[in-house]
Amino acid sequence: MTSPVRTERHGDVLVIISDSPPVNALGAAVRDGLEAGVKEGIADASITAMVLRCDGRTFFAGADITEFGKPPKGASLHEVIDMIDASPKPVVAAIHGTALGGGCETALACHYRVAVPSAVIGTPEVKLGLLPGAGGTQRLPRLIGMRAALPMLAIGDPVPAKKAADLGLIDRLVGEDSLEADAIAFAREVAAKRPIPRIRDKDAKADPEAVAEFRKANARKFRGFDAPEANIRCAEAATELPFDEGMAFERTEFMKLMMGVQSAAQRHIFFAERQAAKIDDVPADTKLRTVNRVGVIGAGTMGGGISMNFLSAGIPVTIVEMNQEALDRGTGVMRKNYEASAAKGRIKPDAPEKAMGLLTPTLDFDALKDCDLIIEAVYENMDVKKEIFARLDKIAKPGAILASNTSYLDVNEIAAATSRPEDVLGMHFFSPANVMKLLEVVRGDKTAKDVLATVMALAKKIRKVAVVAGVCHGFIGNRMLAPRQQEANKLLMEGATPQQIDKVHVDFGMPMGPFQMSDLAGVDIGWHRDPNRIETIRDALCAEGRWGQKKQAGFYDYDEKRNPTPSPRVAEIIEEFRQKSNLPKREITDEEIVARTLYTMVNEGALILEEGKAQRASDIDVVWIYGYGWPVYRGGPMFWAQTEGLKKVVAALEKYGFKVAESLKAAAESGGQLK
Ligand code: T1G
């Protein structure tokens, strides 16, 4: 098999080129090719310097993650990197695209680094529950200092080339379209320079203040994760130990993470997120419909947030409301959101004007006739939605995609209100729609394959993580939320407190528990609004105006900074209800709370798979990571259940009287996987 790595001679400079789509991952064949190329350069007396570059869209984007957990093959990355580092002739890394992970570490082993301005460089291993295992934690602090190295290692966001050059990570920015020629010229410049600069020869200066500040500033973000702290400890080792001892320390810490559940979970999600973009029965080369303009019906919280996703991606939006006051309020909120992001430096200063310049607010429903995709985002009422889709059917252009942002309702019933059900589907955004990454794409029975493919491609363009769901009440995420909420409410009646239940979830790694979430979203969402009709604890809270954070009172009491405290009044209400129901009050264990509020979600997930409402178990994991903040180091509900042990999950569900999904029982008995 031909090697993906070739060498080309340019006078006295040898260019070593990897061509291994899609991202030049440093798999065995690439590593062997690199080893051969560098050996050739060292052995050839006519060569005075080497350039290392990649064909395709990017410089090496890391070790080949698909090789993890398999027996090692070929030269190890360590061997290749050590050989480059020890070369008696300078090696110049010529960087474009995303030089990430092992790619960044390979560049650090080179003696010089040049990059095109559009390149980024980083060590995102921490996002896989790992740390740079090929010298990155030892070389970065030596090259750019602790203060700059810590976020690269422990947060893992890549650094743009310009900033990397300012840090000294990149020696020279070269022409966007002349990378190879400029790298060769640079190599000639340094070919005779001695000593050849080797990062390992530098000292990394300890900076305990920077480390303490960094740990403190990121304590919340790192809560529950193992990898960030391991990265910090390795960086500290770079300032305390000689290079080779530091490398040994890094290796030990890397293996601990690699063998751990958290990294397995985070690597699972890395691939699951990409797998979710694939629709099993829709060919990847399906011709997409053109979407030049998007229409949004409703300028409320959801309609405004949905519109922002498209405007931020440079796609014009026509937004329709019923009256001028609502329209002005909606567009005002959008502008305010953009300006707040610009003020925080999250977007360029001119981005708000650019985005809002693509918005066409109107009261004229017929203006939607120019749109290629129309998203209805009005309130959750089937009659209203059917009336809107019937109107759309009359004015929308042929081939326009008609989508509902419904979070529960039957998309088939909505589609039946039109003469074009093949053009109808659900696009369920999560609030706040301009922030949450998850998009549930709800496939109707008659939704055309090219409509699905078009919306999935568009989701990537607006930087959403899209998951295909089938039509059922609540689709995937909210359908699994239901048993969690039902059991949480029942547990209140049996002796648990809101704070006890929420604590179990927060300790588990969720951003908040069921009752904190209810207070944030609004206890009154879906309430029948009749203060005299009090059938549940929620009714009682709503009747007293305890609608959640927005009223400084819900399941918790809130101070003016919205800090929650357990509410004696809520305890009274719960007690009243419990007594009325003649339920004995008893000690509820955390184990029971986990079984009844988390295992039941897994059970519902198994039913969703049995009914074909999700394509695969990993899609369900993606929904919960990106839609509800499930801790990524636990890999999502279905992955987590496997790590818990399906037998244990089934036994607990049966102990608390639940009907266990057949597929879950079967997988537990066979020791198989939920697919
Ligand atoms: N290994 C194997 N396959 C990879 C890969 C990798 N490192 N990166 C991407 N792919 C596949 C991906 O699964 C998809 O496959 C295709 O490439 C396109 O990816 C020793 C131990 C580079 C920014 O963490 O961040 O180095 O679905 O859809 O949106 O210290 O991929 O087409 O079949 O994401 O343009 C560290 C991970 C590894 C970088 C491109 N590196 N990759 O994004 O395309 S660990 C990373 C990314 C390591 C060393 C350690 C992104 C990207 P398919 P894509 P994209």
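Here is a walk through this predicted model, from its domains down to a few single residues.

Let's start with the overall layout. The domain assignment splits the protein chain into four pieces: domain 1 covers 5-259, domain 2 covers 294-474, domain 3 covers 496-580 and domain 4 covers 590-670. To get a feel for the spacing, take domain 1 and domain 3, whose C-alpha centres sit 51 Å apart.

Next, look inside. The largest nonpolar core is made of 72 residues. If you want to find its best-connected members, go to L34, V51, I95 and L169, which have the most contacts inside this core. The top contributor is helix 5 (residues 146-154), which supplies seven residues. V51 is a handy place to zoom in. Setting aside its neighbours within four places in sequence, V51 touches V13, L14, V15 and I16, along with V92, A94, A183, I184 and A187. There's also a second, separate core, this one of 67 residues, and I476, L481, A614 and M638 are among them.

Now for a pair of helices. Helix 10 (residues 227-240) and helix 11 (residues 243-258) pack with their axes 10 Å apart, at an angle of about 175°. Angles over 145 degrees count as roughly antiparallel, so helix 10 is roughly antiparallel to helix 11. Which residues make the contact? On the helix 10 side they are A227, A230, R233, C234 and A237, and helix 11 brings F249, E250, E253 and L257. Sorted by class, this contact of helix 10 with helix 11 has six nonpolar and three charged residues, with no polar ones.

Two single residues round off the tour. P21 is found in the loop that runs between strand 2 (13-18) and helix 1 (28-43). Is P21 buried or exposed? Its relative accessibility is 65%, and the cut-off for exposed is over 50%, so P21 counts as exposed. For a sense of distance, pick G246, which is 225 residues away from P21 along the chain: the C-alpha atoms of the two are separated by 33 Å.

E494 belongs to helix 19 (residues 477-494). Although Glu counts as charged, E494 is buried, because its relative accessible area is 14% and buried means under 20%. What does E494 touch, leaving aside its neighbours within four places in sequence? The list runs to P584, K585, R586 and I588, plus E592 and R596.

Key:
Residues numbered from 1 in each chain as written. Predicted model: local features only at pLDDT ≥ 70, side-chain atom pairs only at ≥ 80, totals over all residues. Heavy atoms only, no water. Axes fitted to C-alpha atoms, helices over the stretch in contact; angles between N-to-C directions. Helix = DSSP H or I, 4+ residues; strand = E, 2+ residues; numbered from the N terminus. Parallel < 35°, antiparallel > 145°, perpendicular 65-115°, else oblique. Contact = heavy atoms within 4.5 Å. Domains from an automatic or database assignment. Core = buried A, V, L, I, M, F, W, Y, C linked by side-chain atoms within 4.5 Å. Buried < 20%, exposed > 50% of the residue type's maximum accessible area, 1.4 Å probe, protein only.
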